[in-house]
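Visitor: I should like to discuss a single protein chain with you. May we begin once the sequence and the structure are on display?

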Amino acid sequence: SPPLPPPPTPPLLSSFLIVFSHFLILVFNRLDKKGLVEWKWGDQVDTSSGGARRKYYKVTGLGAKSLKAVQDYRVSLAYRA
C-alpha cells in the first residue's frame, strides 16, 4: 500500500513558519550587505514553495573572521565571571 501523506500543519504553526522564514530572509539580506555571506540561485525550481528557485548562502572569509571574533569575545567574557 502507498505511504500515508504527512499530517496537515496546524494553522498556528504554519503562520509561525511563514513569519520565521521572512525573518531569516531579512537576516540574510543584512549579512549579505555587510559582506558576511554570499549567495547564489539554485538551478532547480522548488515546486513545494510555489515554483520559486532557492537561494544558497555561503559564509565569506570576512564572515568567518567576524564569527571567530565574536566567539573569542564570548569565551573571554566567560573567563571573567
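The questions and answers below concern this predicted model.

Visitor: In what pattern do the helices and strands follow one another along the protein chain?
Guide: The secondary structure comprises two helices and two strands. Read along the sequence, the order of these elements is α-β-β-α.

Visitor: What percentage of the residues of the protein chain count as buried?
Guide: A residue is buried when its relative accessible area is under 20%. The chain has 81 residues, and the share that meets this criterion is 7%.

Visitor: Is Thr60 buried or exposed?
Guide: Thr60 is located in the loop between strand E2 (53-59) and H2. Beyond its neighbours within four places in sequence, Thr60 is in contact with Gly35, Leu36, Val37 and Glu38. Its relative accessibility is 16%. Since the limit is 20%, Thr60 counts as buried.

Visitor: Which helix supplies the largest share of the lining of the second largest pocket?
Guide: The second largest pocket has a volume of about 160 Å³, and its lining includes Phe28, Leu36, Val59 and Ser66. Helix H1 (11-33) and helix H2 (61-80) each contribute at least two residues to this lining. The largest share amounts to four residues and comes from H2.

Visitor: How many residues of that lining are charged, how many polar and how many nonpolar?
Guide: Gly63 and Ser66 are among the lining residues, and both belong to the polar class, in which Gly is included. The lining of the second largest pocket thus divides into no charged, two polar and seven nonpolar residues.

Visitor: How are the rings of Phe28 and Tyr57 arranged?
Guide: A search of the whole structure yields two aromatic pairs. In one of them, Phe28 and Tyr57 lie 4.2 Å apart, centre to centre, with 20° between the planes. This pair links distant parts of the chain, as Phe28 belongs to helix H1 and Tyr57 to strand E2, 29 residues apart. Planes under 30 degrees apart meet the criterion, so the pair of Phe28 and Tyr57 is stacked.

Visitor: Why is the pair of Trp39 and Trp41 classed as it is, and what is the class?
Guide: The ring centres of Trp39 and Trp41 are 5.4 Å apart, and their planes are at 85°. Because an angle over 60 degrees decides the class, the pair of Trp39 and Trp41 is edge-to-face.

Visitor: What is the relative accessibility of Trp41?
Guide: Its partner Trp39 counts as partly exposed, at 33%. Trp41 also counts as partly exposed, with a relative accessibility of 40%.

How values were computed. Residues are numbered from 1 along each chain as its sequence is written. This is a predicted model: local features need pLDDT of at least 70, side-chain atom pairs count only at pLDDT 80 or more; totals for chains, interfaces and linings use all residues. Side-chain values use heavy atoms; hydrogens and water are left out. Buried means under 20% relative accessible area, exposed over 50%, partly exposed in between (1.4 Å probe, protein chains only). On a 1 Å grid over the protein atoms alone, a cavity is a set of points where a 1.4 Å probe fits but cannot get out, and a pocket is an open set with protein on both sides within 12 Å along at least five of seven lines; lining residues have an atom within 4 Å of a point. Grid points are joined across faces, edges and corners, and a volume is the space filled by probe spheres set on the points. Contact means heavy atoms within 4.5 Å. Rings of Phe, Tyr and Trp (its six-membered ring) pair if their centres lie within 6.5 Å; planes under 30 degrees apart count as stacked, over 60 as edge-to-face and the rest as tilted.
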